[in-house]
Amino acid sequence: MTSGKMKRPWRTRVKRGARDLCWLTVFVLISSTAVDWWRSRDIDTSQVPVDMVRLLDGRQQDLVAMSQQEPVLVYVWASWCGVCRFVTPSVDWLSGHAQVVSIALRSGPDKKVNGYLVHHGYDFPVVNDPDGQFSRRLSVKVTPTVMVIEQGKITSITTGFTSPIGLWLRML
């Protein structure tokens, strides 16, 4: 046999790769949970500080009343947010299967936000928050932020990227 490294059998390589992938997944989940906890530690989850909101279409929504029957996903996003470009399509998908209310943070006047929604084909309810008033009351400091409200209380908070499966699991 010539000098050089012997190749490992493919099964050994697959097992090692699967093990490494599992450890990476565990690391990412722990890190993500720690970051979410750190970012949301100042948010009072015992009650929802914003109950009545006015949607872009003029309707009034009572988040606390909506949350009595089934959970409500509150999605704080911005048209200028890079990560939101990846999360918003998932929220749009979820809005066809669950209660969703979104808050467009500092994304311009109603007409501009509406144009953004139409351009991207999004069809979820939106509250325009041009000056950040609602977001401040919710203690949101990062976009995107996803909150789940159940029985008038915030039961889940996550910030940054989340997948469609992650959104769906938070609603369970």
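Which residue in strand 6 does Val76 stand opposite? In this predicted model, Val76 faces Thr145 of strand 6.

**View 1. Pairing of strand 3 with strand 6.** Strand 3 comprises residues 72-77 and strand 6 comprises residues 145-150. The two strands run in the antiparallel sense and are joined over 5 bridges. Thr145 in strand 6 is the residue opposite Val76.

**View 2. The open sheet and its edges.** The sheet is open and contains 5 strands in the order 5-4-3-6-7, with mixed pairing. Strand 5 (126-129) and strand 7 (153-159) each have a single partner strand and stand at the edges, so one side of each lacks a neighbour in the sheet. From one strand to the next, the twist averages 20°.

**View 3. Helix 4 across the sheet strands.** Helix 4, formed by residues 110-120, lies across strand 3, strand 4 (99-105) and strand 5. Relative to strand 5, helix 4 runs at about 140°.

**View 4. Crossing of helix 3 and helix 6.** Helix 3 spans residues 84-95, and helix 6 spans residues 164-171. Their axes come within 9 Å and cross at roughly 45°. Helix 3 and helix 6 are therefore oblique to each other, and their crossing is right-handed.

**View 5. Residues at the contact of helix 3 with helix 6.** Helix 3 contributes Ser90, Val91, Trp93 and Leu94, which meet Pro164, Leu167, Trp168 and Met171 of helix 6. Classified by residue type, this contact of helix 3 with helix 6 has 7 nonpolar residues, 1 polar residue and no charged residues.

Methods
Residues are numbered from 1 along each chain as its sequence is written. This is a predicted model: local features need pLDDT of at least 70, side-chain atom pairs count only at pLDDT 80 or more; totals for chains, interfaces and linings use all residues. Side-chain values use heavy atoms; hydrogens and water are left out. Two strands pair if DSSP finds at least two bridges between them. Helices (H or I, at least four residues) and strands (E, at least two) are DSSP runs, numbered from the N terminus. Axes are lines fitted to C-alpha atoms, for helices over the stretch in contact, and angles run from 0 to 180 degrees between N-to-C directions. Contact means heavy atoms within 4.5 Å. Angles under 35 degrees count as roughly parallel, over 145 as roughly antiparallel, 65 to 115 as roughly perpendicular and the rest as oblique. A crossing is left-handed if the near helix is turned anticlockwise from the far one by less than a right angle, and right-handed if clockwise. Ala, Val, Leu, Ile, Met, Phe, Trp, Tyr, Cys and Pro count as nonpolar, Asp, Glu, Lys and Arg as charged, and the others, Gly among them, as polar.
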